[in-house]
Amino acid sequence: MARIELQDVTKRFDDVTAVEGLTIELRDGEFVVLVGPSGCGKSTTLRLISGLETVSAGRVRIGDRDVTDLDAAQRGVSMVFQDYALFPHMTARRNITFGITSSNDFDGDEIDRRVDEAARTLDIEDLLDRKPSELSGGEQQRVAIGRTLVRDPDVFLMDEPLSNLDAKLRVQMRAELQELHRELGTTTVYVTHDQEEAMTLADRVVVMAGGEIMQVDPPQRLYDYPDNQFVAEFIGSPSMNVVPVAVERGRRDGEYVAVHRDFEVPLPAKPSLEPVVGEPANFGVRPEDATPVDAPTEYSFDIEVSVTENLGDELLILGSVGDRDVRVRSENPREEFEPGETVHVECDPDRLHLFDPETGEALYHSEGAGEGVADPAEAAAASRGSES
Ligand code: ATP
């Protein structure tokens with residue numbers, strides 16, 4: 001097991017900067033998921049940790065060693081790839097042992113012991129004599145993971161390992177990977193573009209965009225306190241609704257209010273609101289925090305329904321406010337709404353967000369208003385205040 005540290009790491013491919021100035025410390029035994037849209041630099045980051053790519057600038061440390069200038073084989077890491085990379089003409093057993101046999105680091109008995117142990121852990125003992133073409137996608141992926149287990153690495157690196165599996169198997173393998181990590185406790189860095197996979201697997205999620213880190217936090221914190229609009233919209237499905245407003249004070253007894261041409265929603269008071277008064281902001285509310293109500297309320301606004309999606313246990317209503325599309329959720333899937341109908345939607349006052357329309361930076365999260373709970377936007381506002 002080992003901690004991993006990237007210090008100001010940049011990777012350029014000719015004129016493409018794949019990652020820029022990454023600084024992050026992953027703790028010993030942690031399961032960290034790198035997530036972000038296609039081309040944001042996730043795989044490159046993983047390959048820089050593994051040694052399959054060399055950095056253009058910066059340092060990489062694994063455990064107590066600076067491995068920046070070491071080959072992949074010397075770094076104590078083991079990698080699982082999206083396409084499994086199994087040899088088609090070899091049995092599962094031979095695929096699993098191939099790397100450690102050719103390294104000459106272990107004798108035959110030790111190799112057998114390790115294969116048996118890995119096969120038991122992954123429940124593939126009966127499949128070891130089959131070739132990859134005789135295995136299902138999920139079984140092939142288990143063999144690929146077996147190949148990394150027998151090396152007993154300090155660090156597991158996984159690049160979209162489940163993306164070739166169908167949805168059901170993916171969920172099953174996800175649970176198995178969690179179980180495996182609980183058992184072995186090996187530091188794991190896992191790449192995916194699937195935010196749901198990131199949220200379910202990770203101790204901490206690293207959200208990347210454009211070769212840079214947007215936020216590093218445990219899943220729930222990322223969801224509740226996105227540092228910026230990019231993270232707010234990327235994490236969560238369907239995405240957070242974002243509508244441009246102006247923040248005003250005093251229209252309703254000195255309360256803070258998000259004012260849109262078509263609605264006004266009060267914002268529970270917090271010090272981070274004061275610098276935003278009189279300014280434009282992007283008002284954010286997640287679909288599940290905006291639900292249909294029979295009559296207008298203090299925290300409601302109206303949407304015009306375009307379509308509904310019945311998900312069996314809940315109803316997703318797609319509509320619009322002004323020229324913005326919004327999605328809201330009803331817990332009652334049997335409720336019926338007609339296209340063109342106006343529906344009152346009530347926001348949960350504890351779950352409102354504001355973002356800077358230019359930088360995307362989070363300006364305000366309403367959760368914990370009045371309870372003295374420190375949130376990142378609050379801390380940033382406080383430090384901006386103390387600097388001025
Ligand atoms: P995906 O989810 O699509 O795999 P990613 O987030 O893993 O994307 P990377 O594969 O790390 O992204 O690529 C980051 C950027 O670097 C992209 O613009 C990509 O085109 C570029 N890139 C990656 N590898 C190379 C290479 N060997 N040569 C040139 N450009 C590269």
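Let's start at Asp 107, which sits in the loop connecting α2 (92-103) with α3 (108-122). Keep in mind as we go that this is a predicted model. Asp 107 belongs to a negative surface patch, whose other members are Asp 109, Asp 112, Asp 116, Asp 123, Glu 125 and Asp 126.

From the surface, we can turn to the pockets. Rolling a probe the size of a water molecule over the atoms reveals where empty space remains. Here, the largest pocket holds about 600 Å³ of space. Its lining is made up of 23 residues, and those closest to the centre are Ala 73, Val 77, Ser 78, Met 79 and Arg 151. Two or more lining residues come from each of β6 (77-80), α2 and α4 (137-149). Helix α2 contributes the most, with 4 residues.

Now for some backbone geometry worth a look on your screen. Most residues other than glycine have a negative phi, and most peptide bonds are trans. Asp 8, in strand β1 (residues 4-13), has a positive phi of about 50°, although it is not a glycine. Further along the chain, Ser 237 and Pro 238 are joined by a cis peptide bond, with omega about -5°. To find Pro 238, look in the loop between α8 (229-234) and β11 (241-249).

Conventions
Residues are numbered from 1 along each chain as its sequence is written. This is a predicted model: local features need pLDDT of at least 70, side-chain atom pairs count only at pLDDT 80 or more; totals for chains, interfaces and linings use all residues. Side-chain values use heavy atoms; hydrogens and water are left out. Patches are made of residues with over 30% relative accessible area and no salt bridge: like charges are joined within 9 Å, nonpolar side chains (Val, Leu, Ile, Met, Phe, Trp, Tyr) within 5 Å. Accessible areas come from the Shrake-Rupley method with a 1.4 Å probe; for residues, only the protein chains shown count as cover. A salt bridge is a side-chain nitrogen of Lys or Arg within 4 Å of a carboxyl oxygen of Asp or Glu. Lys and Arg count as positive and Asp and Glu as negative; His and the chain ends are not counted. The place of a charge is taken as NZ of Lys, CZ of Arg, CG of Asp or CD of Glu. On a 1 Å grid over the protein atoms alone, a cavity is a set of points where a 1.4 Å probe fits but cannot get out, and a pocket is an open set with protein on both sides within 12 Å along at least five of seven lines; lining residues have an atom within 4 Å of a point. Grid points are joined across faces, edges and corners, and a volume is the space filled by probe spheres set on the points.
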